[in-house]
Amino acid sequence: MGVDPSRDELGLFPILYWPIVAGRPLPGAETMRRLDAFMKGGGFVIFDTRDADAQRSGRATPEADHLKQMLSIVDVPELEPVPRDHVLTKTFYLIDGFPGRYDRGQTWVEVLPPPGPDGRGPARAADGVSPIVITSNDLAAAWATDRRGGPLFPLQGSSPRLREMSLRGGINLVMYALTGNYKADQVHVPALLERLGQ
Amino acid sequence: MYSLSFAPLVPVWLLAGLALLVLVAAGAALALQRGRGVLRAFALLALLFALGDPSLVREAREPGKDVVAVVIDRSGSNRLSDRAEQTARARAMLERQLASIPQIEPRFVEVGDGDGANDGTRLFEALNATLADVPAERVAGALFITDGIVHDMPAAAQALGLKAPLHALVTGRDAEIDRRVTLIDTPRFGIVGKTVNIRLKVDEKNGTGTGRLTVRRDGEVLIERAIRTGEPLELSVRVDRGGPNLIEIEADALSNELTTANNRAVVTIEGVRDKLRVLLVSGEPHAGERTWRNLLKSDANIDLVHFTILRPPEKQDGTPINELSLIAFPVRDLFQTKIKEFDLIIFDRYANTTILPMVYFENIVRYVREGGALMVAAGPEFSGTGTTLSRTPLAAVLPAQPDGRTIEEAYKARITDRGKRHPVTRDLAGSEVDPPRWGEWLRLISARASEGDVVMSGPGDRPLLITSREGKGRVGLFLSDHAWLWARGYREGGPHIDLLRRLSHWLMKEPSLEEEALRAATRGRTVEIERQTLGDNPGAVTITSPSGAARSLPLALDRPGLFSARLQATELGLHRLQSDQLVAFVSVGSDNPREFTEVLSDPARLRAVAESVSGSSRRIGREAGSDVDLPRIVPVRSGTRLAGGDWIGLRITDSGIIRGVSLSPLFLGLGGLALILGALIAGWLGEGGTRSWRRRAQA
């Protein structure tokens, strides 16, 4: 469903997927403020620069520059590449990457707060869900199907499971937006149940 | 008053010398001239006298009165039994006796109970205040009419600053009977659901040695047992709820007991809640799920156990299990073996596919009726027929049944009239205006409420949020899953945190959120009474004071659902308040007022301090009747004994105040001159005249 972040009510949407196209006019300041409010109010935005293919070490792509300019007025938290044990890798499927049309792009997510004093996961006031994910793997291209369910774009790489993996990654992202750190908590559930009734 | 004073005009040695000469001359005159020498001697003496310059002094003196302070104990303990009457009689008799001693100015001062503070009886403070403007030398004495129980007795007699005797006249009698509860060791805090130990002792004088002890918590009897007095004992009491738990310990009364106020002790134990355990079961991942998680995880008092049905059993595909991050839903653990450990179970858009066998729903129904709490946040699945919870055994405790319609339109949730009185929904930010100042929701599950209180409503006055009580437990039914729109700031959002937090804590029996409640607090002597009710008129509240006097106080409407009243307490101690079936206790002053912990009258208590200033302490109350034997009051000018078997002394100093002095010189001026000259002339005439008269007779 297409959304115009300058006009539409964003609060209704759990996830925005925002592909970056270099050279398009930058969204206005008002739009970015709305996006900022959306992220702070519990929204979840996936920015996809779709430039994993063009990335060379040390050189920023036009898409990356575009995104950087766009986000310059938004309160973006500190980001890090998705760690191996991040809840994003286990919200539904157990996965180790978020491939799309490309496989080599890095996926960035908000830095996890340091573990609490009791070592039982991070100490945080609320559920502490990252409001932003930045990828360059062109996820939507891998998910896109035609009317008969056939894929629209060829994937780069040889693994036949790549398309399945990109779908699993997408499902995990959606689950993350909906259930937050639910799966991270579940590590503690057996212990919690054990403690009950003692 | 007159007196003579001399101010010699010449030095004293000269005057003495002249006096000697005068004496010799006068003696010679008398010896030589006999009778006629008298005038000459008189003239010489008068001259000498004049040199001494005598003058008449007149002092304008006001007779000074010595002050006697009479401090009368009107505190609670000295009103017990017939002590008040004894006190009144003693005062009347003292007034008469003191009035008959002219040198004395009596000052009477009455001392009541300290103002709200747990000060006890403070007679010495009053004594100092009364004598503050009197020099210590002019204090003739201090008299106390008291039961002997004084709480501000100076530790050292010097601190008294009194140079006159202090006499204590003690009311009451030796054969007093009293039993009292003494707390030895009491906890201040306790974890809700756990027991705490209270150590105490029942002491008595002239009692029976055995008694019955009754322990009540918030008015409800917990323990009743026989005890031996004088022996320490330990009670185990369960802390029942968060906030203050008033434990009242009462020993049965002896007959003819002085007071039953000290047969009762109150222990306030602050109930601290252990972590509340909430089980959240989300039927599917959905946009509102994180709102619940954020709310429950940010609450430091809550341990959240969350399950989301990520994949219902019918949706199986070929994905190997080791590639899925799924675990089995431990239904047996949750809904059978450990169900009692949860304080609240929330079903959030839970559709009953085949996951939960019916027997578990029956468990939940039993859990609720036995004191648990259940909340259902209904989504579209609730209005269907296939998987709705309303077609499970759970329906027995649900306060509404869906009628099959789901209303999908933008609407503003409204607080119903009943909701405005309900602590869960009262004063939600934005509800002050109509329509409320908050964002719209977009879905409502249409249902017919069959019981409970509809506190929020949606379009067409359909129930939106229903709270109800089921057996000992509570149920909340939210007929929309759109509270998350407030959280996400949709159309300015709304007070979702307040609403959901209050709702969940009401379900878990947070005392401050009860719909029907009677609360009282004290500020000094003022008792502030608050009555929370969903009804229209809670009627009056009955207040029973420690002495047993009951009075009825009307309640005035404060805000919707809140009525209040104020009372100026005249007595210290535990007041019992009742409104309908609700009972509350409030302690004016402190829980166990000092004034009533010790009530046995005893002259010995004041003896040491009284005798340190040569005073005395004695009982004036007779063993029978309310007559008093007052000792005679004797003004004592000198001597060290200031008390005896049937008398008490007051130190009289006869001091006075001189207002003015006038001097009238006797020999200076015309009068003195006339006298001296007169005497000289008379002498001269006498001596000369006699000679001429003789001469004439010879001729």
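Colleague: Which strand of chain B is B:Gly190 found in?
Modeller: Keep in mind that we're looking at a predicted model. Follow chain B along to residues 189–191 and you'll hit B:Gly190, and that stretch is strand S8.

Colleague: Does B:Gly190 count as buried or exposed, and why?
Modeller: Look at who surrounds B:Gly190 once residues up to four places away in sequence are set aside: it touches B:Val196, B:Val239, B:Ile269, B:Glu270, B:Gly271 and B:Val272. Its relative accessibility is 5%. Buried means under 20%, so at 5% B:Gly190 counts as buried.

Colleague: What distance separates the C-alpha atoms of B:Gly190 and B:Asp274?
Modeller: Along the chain, B:Gly190 and B:Asp274 are 84 residues apart. In space, their C-alpha atoms are separated by 9.6 Å.

Colleague: Which helix of chain B gives the most to the largest nonpolar core?
Modeller: That core has 61 residues, and B:Phe335, B:Phe347, B:Ile364 and B:Leu374 touch the most other members. With six residues, the top contributor is the helix spanning residues 358–369 of chain B, namely H7. There's also a second, separate core of 39 residues, B:Val278 and B:Leu507 among them, but the helix you asked about is H7.

Colleague: Which helices of chain B each supply at least two residues of the lining of the largest cavity?
Modeller: The search turns up two cavities of 30 Å³ or more, and the largest holds about 80 Å³ of space. Its lining has 13 residues, with B:Gly288, B:Trp292, B:Asp481, B:Ala483 and B:Trp484 nearest the centre. The helices that each supply at least two lining residues cover 289–297 and 483–487, so by the DSSP numbering they're H5 and H9.

Conventions. Residues numbered from 1 in each chain as written. Chains lettered and ligands numbered in written order. Predicted model: local features only at pLDDT ≥ 70, side-chain atom pairs only at ≥ 80, totals over all residues. Heavy atoms only, no water. 1 Å grid on protein atoms, 1.4 Å probe; cavity = no way out; pocket = protein on both sides within 12 Å on 5 of 7 lines; lining within 4 Å. Points joined across faces, edges and corners; volume = space filled by probe spheres on them. Helix = DSSP H or I, 4+ residues; strand = E, 2+ residues; numbered from the N terminus. Core = buried A, V, L, I, M, F, W, Y, C linked by side-chain atoms within 4.5 Å. Buried < 20%, exposed > 50% of the residue type's maximum accessible area, 1.4 Å probe, protein only. Contact = heavy atoms within 4.5 Å.
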